[in-house]
Amino acid sequence: MLKYLIKRLIGIIPILFFVSIFIFLFVHMIPGDPARLVAGQDASLQDVEMVREELGLDRPIHVQYFSFVTNILQGDLGTSLKTKRPVLEEISQRFMPTFWLTVWSMAWAVIFGLLIGVISATKRNKWQDYLGMFGAVSGISLPSFWLGLMLIQLFSVQLGWLPTGGMDSWKSYILPSITLGAGVAAVIARFSRSSLMDILKEDYIRTGRAKGLHENKVVWGHGLKNAMIPVVTMTGLQFGFLLGGSIVIETVFSWPGLGRLLIDSVSFRDYPVIQAEMLLFALEFILINLIVDLLYGVLNPQIRYE
Amino acid sequence: MANVELREEVSTQTTIKLDKLSNKTPFSEFWRKFKKQRLALAAGVFVILLIVLALFGPAVAPYSSEEFDYEHVLEGPSLTHWAGTDAYGRDIFSRIIEGTRISLFVGLLSVLLGAAGGTVLGLISGYYGKWLDSIIMRICDVLFAFPGILLAIGIIAILGPGLGNVVIAIAIFSVPIFARIVRSNTLALKSTVYVEATRSMGAKDRRMIWKHIFPGTASSIIVYFTMRIGSAILTAASLSFLGLGAQPPTPEWGAMLSSGRDYLNTAPHVTFFPGIAIFLTVLAFNLLGDGLRDALDPKIKD
Amino acid sequence: MAETMLKIEDLKTYFYGDDGVVKAVDGVTITINKGETVGVVGESGCGKSVTSLSVMRLLHDTPGEIVDGSIEFQGKNLLSFSEKEMRQIRGNEVAMIFQEPMTSLNPVYKIGKQLEEAIQLHLKYDKQKAREHAIQMLKLVGIPRSDEIVNEFPYQLSGGMRQRVMIAMAMACRPKLLIADEPTTALDVTIQAQILDLMRTLREESETSIMLITHDLGVVAEMCDRVVVMYAGKVVEETDVYTLFEDPKHPYTRGLIGSVPKLGKNANRLDSIPGNVPTPSNMPKGCKFAPRCSNVLKVCLEKEPVLEKVEANHTCRCWLYQNTETVGV
């Protein structure tokens, strides 16, 4: 297990390296002069040059990259062009709301996705299967922002049960997390169905039945424990989808998270914030993949004990 | 002696029957499997209908998409306006019909560009291997480290908002998906005896790739192509909804939906109908993609 | 007359697929007495495995369905049993060993747990006692360090060891009938001999009846009292093991025996049966074996023979031995 862990950790290093280059170059791809952008449209030429020196934009590109990385490692992500506050501060305020939103969404998605997937797999080609799978393909095809607006219309406007947006109480979490989780639940349902269907054809499932075990024990015990190995891997990848989806959903529900900050920053062309957000999202995604790899190891005895 | 003759007769009959069975063309084989899936077939018909609407939309639509009517603002669905009217009194149904063209065009074009780029990279990566392969695959890894829509937003942050840039953004994040599939198919095909034989006869690399390897990857490309169109349309609509894609008064579904948000309390139909249009279109492409996969993917063959 | 353990009568198990009905088992009758080992022999696809799965009522992941016949176990018709009653039979009074030891154990559960499941379920032992019994069973099937093996996963064991575990699992609740579906086919020759030895020892100690499904006549000769030969879903010959090898009647049986290489005899000429088992869509009209038979008659292609007694304790389904009245063509 330790060997496996170390191998995974080493595997991350090149990706981190390339991601950092990508994000570093990102700002350099913006058309126009970045120094002019930071200084402002009506700054004098002299001011622009001063900013250029201050930001080190006059130095050779590899030196710039090096100081970019050292700054990040020291927690210095630059200053927001809009609020003139350190980007780190801006972002850290917004981190937890998005974090909890994605966690809750994932919780719904896993519970409902697995339930639908397992029922569909065991009732293969029966009405439960057709209903579940049609529901799942619909879930994948639903525009999440539309689903969010329709839920607001029904539960907030018509029925008045839940708030339309913001993050004031636990009630505020219900609609955004369901909206965000729906698509992922659909993906998990489809994947766990096909994965479990493959597993249920395995010889050891027949062994379980031949022992006289109850069908529920065969499916939820012997079947699901094996099917979970690929399902967990796929679910981890869906976290990326969830992070992306949160950008849209936060706008719909006026959620004070990273996603809405990103959209605001894009319309304001607040590049340091955009850059930092992209870095953060990428790091989160890589971290989640690492956790998934570890879970994979925990679920698979052959890796766990070697 | 007679016995032996009889036996031979029987066995020739068997061979003839087998020949008849294997005489099917790949297409008829595909069609035989595909037509069994009624849902996918219906989705295919719906997609054709959408394409017809995209081509002849404005001619079919009952009103013009830019026809203002301040007498009838934010009216609910009625016999004259099937999907109601928006804040300017424009007929929503007609605008949805005109929006078909935009959504299909954006979806098709972006995936086409992404698929073309990804296929070329995947073929090169899989066929030549070595350092080219590792570089291309590392780039794909990096692009995969960003959730699709985030990458698109980043690209739009550089290029600026607009439908054209949305196409480019979606095309870019579709590239690694196709590159990976085509690469793995290429690797598998490269080692087959058939390709080995052609190679030892001295066929040129380029000819090898296009004549022998590319056709083998075609079925997975078709399946992924169809499935990606659905998600491309969805992403494009999301970006327009966020104000980063099509801008009003363009009758793009996501933009229409976004402008309807302000009237959610009083006139929910303004957001409802464009959403249904997006949903049904994406659903049709996804169902079609599922059907194609089941009919084309050899892994699911018994 | 010995006590009858299992009586399969006129069993018909059909598969319903896209291309119509496949008669996988088409009117099979097999009787197994207490303590007796009956071999069911035939090429793959002849319906022998489907017969065994029908007895266990384990056709779950096949499109198969038992359409007719009866399966009596100790005088009770298993086909009338509810799923719940069936579960009390499976793994308890009737146990099964499968062909693939490599894939028949669940890779994510420890060996001990996989054994204890059945023990706790059927023998109602508590966890502690079940564990002791599991270790005891593993010792019985000759697994060294059995108290450690219970805490290991299947991937840590070799194929032969896994099959021993499967046998331990099957014998754990002292079944009255053991169905072994090609228990040695996937194993090396030396391991095969060990496993057969083990099964013989266990049979002598427990008086268990065994239904041994195999295509290997060597295994039949070593293990069985009586043999049923199946072809294309039907029984074509049945007799005791000595008669089968000394005086086989059906051309198919003769072909099977002829295709086994014998040491010392003229090993250069190896008789084998030409052709393949007919595909379901291509079933011959008359005798199913006619297209491959070296003694084919005119009548064979037109009418199917019935299973008839050719001697005391010997039945055969072939026109060569049918009474002249029944031929009548």
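## Chains A and B: annotated spans and contact

For chain B, the UniProt record lists "transmembrane region" (unreviewed entry) at residues 39-61, 102-127, 139-160, 166-182, 221-246 and 266-289, and for chain A the record places the feature of that name, also from an unreviewed entry, at residues 9-30, 99-119, 131-153, 173-191, 239-258 and 278-299. These positions follow the numbering used here, with feature names shortened, and such annotations may be inferred rather than shown by experiment.

The model is predicted, so that local features need pLDDT of at least 70 and side-chain atom pairs count only at pLDDT 80 or more, while totals for chains, interfaces and linings use all residues. Residues are numbered from 1 along each chain as its sequence is written, and chains are lettered from A and ligands numbered from 1 in the order in which they are written.

Some of the annotated spans are described below, where helices (H or I, at least four residues) and strands (E, at least two) are DSSP runs numbered from the N terminus.

| Span | Helix | Strand | End C-alpha atoms apart |
|---|---|---|---|
| Chain A, residues 9-30 | 91% | 0% | 33 Å |
| Chain A, residues 239-258 | 75% | 0% | 15 Å |
| Chain B, residues 139-160 | 82% | 0% | 24 Å |
| Chain B, residues 221-246 | 81% | 0% | 28 Å |

Where the chains touch, the contact (C-beta atoms, placed from the backbone, within 7 Å) takes 36 residues from chain B and 37 residues from chain A. On the chain B side, the elements that give two or more residues are α5 (130-144), α6 (148-159), α9 (205-241) and α11 (269-296), and α11(B) gives the most, with nine residues.

Technical notes:
Contact = placed C-beta atoms within 7 Å.
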